[in-house]
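Visitor: Could we go through this model together, a bit at a time? I would like to ask about whatever catches my eye.

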Amino acid sequence: MRIILFGPPGSGKGTQGELIQSKYGFPKISTGDLLRQEVAAGTPLGRKAAAQMKKGGLVKDDLVVEMMKERIFKEDCRVGYVLDGFPRNIFQARELEAADGQRKEIAIDIQLPEKIIVERLLARRVCPECESILNLSLTKPKQEGICDHCGTELIRREDDTLEVIEERLKVYHQQTKPLVGYYREKNTYRRIDGSGGIQAVSRQIYALLEAAMANHSEKEARK
Ligand code: AMP
């Protein structure tokens, strides 16, 4: 099973990916997290990616696709995986299909109004240590400014500024939105309302996943 979470930046893909990972055991793979780790470690890939990430543009396809191919063929992805932030354009979607096309797939588009997106991104804090995501407009940490999971000081992502958010939204509309048509055509597209609280959104996702898994087991049983 491949679960693709897509939707604009700030729609809750990372948070929902973490919840799916703990509930169903599919590892959450976030290209943004993987790239940020490369940047922090100062690797050649990180050095190539840093400038685009800082200004909210997309990192070159060949770099991201290579990184993803390596990740999705690791042992923990054998039964399934959740993608957060990949594919970001049609080219990447085709590469994913070419590399791992046999897998059952569901692409969940988490939609919400642009005004809420901007508010959420400005209120987002992340943990640089364990990569937890927290939104101050939805949840407060137990201790102000501190990660509930590992006690590290929470930070604001460098690209969560108004100027870079606007650029990321522009890139989303131009490059990522066409994926709606791509996944509709494959009949794997599902759209949900992401404007409610975390649990309201995850309830919709779990219902879709459970329907997809039941359908899959039925087909397998009929083979
Ligand atoms: P995210 O954490 O998903 O918001 O991604 C942060 C940044 O990483 C993006 O603004 C891009 O610069 C880069 N990035 C993440 N995923 C991709 C991708 N699939 N293709 C190209 N660039 C990406």
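Guide: What follows is a conversation about the ligand site, a few single residues, the cysteines and the backbone. This is a predicted model, in which local features need pLDDT of at least 70 and side-chain atom pairs count only at pLDDT 80 or more, while totals for chains, interfaces and linings use all residues. Residues are numbered from 1 along each chain as its sequence is written, and side-chain values use heavy atoms, with hydrogens and water left out.

Visitor: Let's start with the ligand. How many residues surround the ligand, and which are the closest?

Guide: The ligand is surrounded by 16 residues, and the closest are Thr-31, Gly-57, Gly-85, Gln-92 and Arg-157; a residue is near a molecule if one of its heavy atoms lies within 4 Å of it. By class, this shell holds 6 nonpolar, 5 polar and 5 charged residues, where Ala, Val, Leu, Ile, Met, Phe, Trp, Tyr, Cys and Pro count as nonpolar, Asp, Glu, Lys and Arg as charged, and the others, Gly among them, as polar.

Visitor: Which atoms of Gly-57, Gly-85 and Arg-157 face its polar atoms?

Guide: A polar backbone atom of Gly-57 is 2.6 Å from an oxygen atom of the ligand, and a backbone N or O atom of Gly-85 lies 2.9 Å from a nitrogen atom of the ligand. Arg-157 uses its side chain, with an N or O atom 3.0 Å from an oxygen atom of the ligand. On its own the ligand has 480 Å² of accessible area, and the protein covers 96% of that; such areas come from the Shrake-Rupley method with a 1.4 Å probe, and for residues only the protein chains shown count as cover.

Visitor: Which helix gives the largest share of that shell?

Guide: That is helix α2 (residues 31–41), which supplies 4 residues; helices (H or I, at least four residues) and strands (E, at least two) are DSSP runs, numbered from the N terminus. Within α2, Thr-31, Gly-32, Asp-33, Leu-34 and Leu-35 are buried, where buried means under 20% relative accessible area, exposed over 50%, and partly exposed in between (1.4 Å probe, protein chains only). The cover over these buried residues includes β2 (28–30), α3 (44–55), α4 (61–72) and β3. Just after α2, Gly-42 takes a positive phi of about 65 degrees.

Visitor: Back to strand β3 for a second: is Asp-84 buried or exposed?

Guide: Asp-84, which sits in strand β3 (residues 81–84), counts as buried because its relative accessibility is 10%. Not counting residues up to four places away in sequence, Asp-84 touches Leu-5, Lys-13, Gly-14, Lys-28, Ile-29, Ser-30 and Thr-31, contact being heavy atoms within 4.5 Å.

Visitor: And what does Asp-61 in α4 touch?

Guide: Leaving aside its neighbours within four places in sequence, Asp-61 is in contact with Asn-89, Phe-91 and Gln-92. The side chains of Asp-61 and Asn-89 make a polar contact at 3.0 Å, meaning a pair of N or O atoms within 3.5 Å, of which, within protein, one must be able to donate a hydrogen and the other to accept it, with residues adjacent in sequence counting only if both atoms are side-chain atoms. Asp-61 counts as partly exposed, at 23% relative accessibility.

Visitor: Different topic, the cysteines. How many disulfides are there?

Guide: The count comes to 0 disulfides, a disulfide being a pair of cysteine sulfur atoms within 2.5 Å.

Visitor: Why is Cys-127 not in one?

Guide: The cysteine sulfur closest to that of Cys-127 is in Cys-150, and it is 3.5 Å away, so it is too far for a bond. Cys-147 is in no disulfide either, since the nearest cysteine sulfur, that of Cys-130, is 3.7 Å away. Cys-127 counts as buried at 2% relative accessibility, and Cys-147 counts as buried at 5%.

Visitor: Last one, the backbone. Where is the cis peptide bond?

Guide: The peptide bond from Phe-86 to Pro-87 is cis, with omega near 0 degrees, and Pro-87 is found in the loop between β3 and α5 (90–100).

Visitor: What about phi of Asn-187?

Guide: Phi of Asn-187 is near 65 degrees, a positive value in a residue other than glycine. Asn-187 is in the loop between α8 (179–186) and β7 (189–193), and counts as exposed at 61% relative accessibility.
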